[in-house]
Amino acid sequence: KELHENLQVLIRRRDIFVEGLNSIRGWRAGHPQGAFYVWADIREILGRKWHDKTLKTSSDVAEALLESQRVAVVPGGERGLEGYLRLSFAIHGKDLLEAVRRLREFTDSLT
């Protein structure tokens, strides 16, 4: 019973997080089937500017997110998935919503 309840919590977190990511303009994420993380497609925001820096790679975006929003993500370029970021949803639901808020704020600030 406890395993089933924990699984349901994770599924809810996954769904909330994916929905939140997909609500951010330029972000696209699918539903992972067996992982505690999501691969988000951010190719639409590459080439935009954060401050005076052009975000050319997923590593550029990851660094800017950490510096500006204190959100840690894993750049996909290092795994052959340039234009994608890996984001974990194995955290409390309210923290997921805060992460989505920060990701949106960051993305909205790009020029």
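**Entry 1. Surface.** I began with the exposed area of the protein chain in this predicted model. The chain exposes about 6800 Å², and carbon and sulfur atoms supply 51% of that area. I then turned to burial and noted that 35% of the 111 residues count as buried.

**Entry 2. Overall form.** I looked up the elements and recorded three helices and six strands in the protein chain. Read along the sequence, they follow the pattern α-β-β-β-β-α-β-β-α. I next asked how the radius of gyration compares with the globule rule. The radius is 14 Å, close to the 13 Å that the rule gives for 111 residues, so the chain is as compact as a globular protein of that length. For the extent along the principal axes, I wrote down a box of roughly 50 × 30 × 20 Å, filled by the C-alpha atoms.

**Entry 3. Contacts along the sequence.** I considered the contacts with a separation of 6 or more. Residues 24 or more positions apart account for 54% of them.

**Entry 4. The core.** I examined the largest nonpolar core and found that it has 26 residues. Which residues have the most contacts inside it? They are Trp 27 and Leu 85. I also listed the elements that give two or more residues to this core: the helices α1 (2-22), α2 (58-69) and α3 (93-109), together with the strands β2 and β6 (84-88).

**Entry 5. Strand pairing.** I followed strand β2, which spans residues 37-41. Strand β1 (residues 28-29) pairs with β2 in the antiparallel sense, over two bridges. Strand β6 also runs antiparallel to β2, and five bridges join the two. As one position to find in the structure, I noted Trp 39, which stands opposite Arg 86 in β6.

**Entry 6. Asp 41.** I closed with a single residue, Asp 41, which lies in strand β2. Its bridge partner is Arg 28. Is Asp 41 buried or exposed? Its relative accessibility is 15%, and buried means under 20%, so Asp 41 counts as buried. I then looked for polar contacts and found one between the side chain of Asp 41 and the side chain of Arg 43, at 2.6 Å. Finally, I left aside the neighbours within four places in sequence and listed the residues in contact with Asp 41: Gly 26, Trp 27, Arg 28, Gly 83 and Tyr 84. I had already met Trp 27 in the core entry, as one of the residues with the most contacts there, and Arg 28 as the bridge partner of Asp 41.

Note on methods:
Residues are numbered from 1 along each chain as its sequence is written. This is a predicted model: local features need pLDDT of at least 70, side-chain atom pairs count only at pLDDT 80 or more; totals for chains, interfaces and linings use all residues. Side-chain values use heavy atoms; hydrogens and water are left out. Helices (H or I, at least four residues) and strands (E, at least two) are DSSP runs, numbered from the N terminus. Buried means under 20% relative accessible area, exposed over 50%, partly exposed in between (1.4 Å probe, protein chains only). A polar contact is a pair of N or O atoms within 3.5 Å; within protein, one must be able to donate a hydrogen and the other to accept it, and residues adjacent in sequence count only if both atoms are side-chain atoms. Contact means heavy atoms within 4.5 Å. A nonpolar core is a set of buried Ala, Val, Leu, Ile, Met, Phe, Trp, Tyr and Cys residues joined through side-chain atoms within 4.5 Å. The radius of gyration is taken over C-alpha atoms; the globule rule is 2.2 Å times the number of residues to the power 0.38. Accessible areas come from the Shrake-Rupley method with a 1.4 Å probe; for residues, only the protein chains shown count as cover. Two strands pair if DSSP finds at least two bridges between them.
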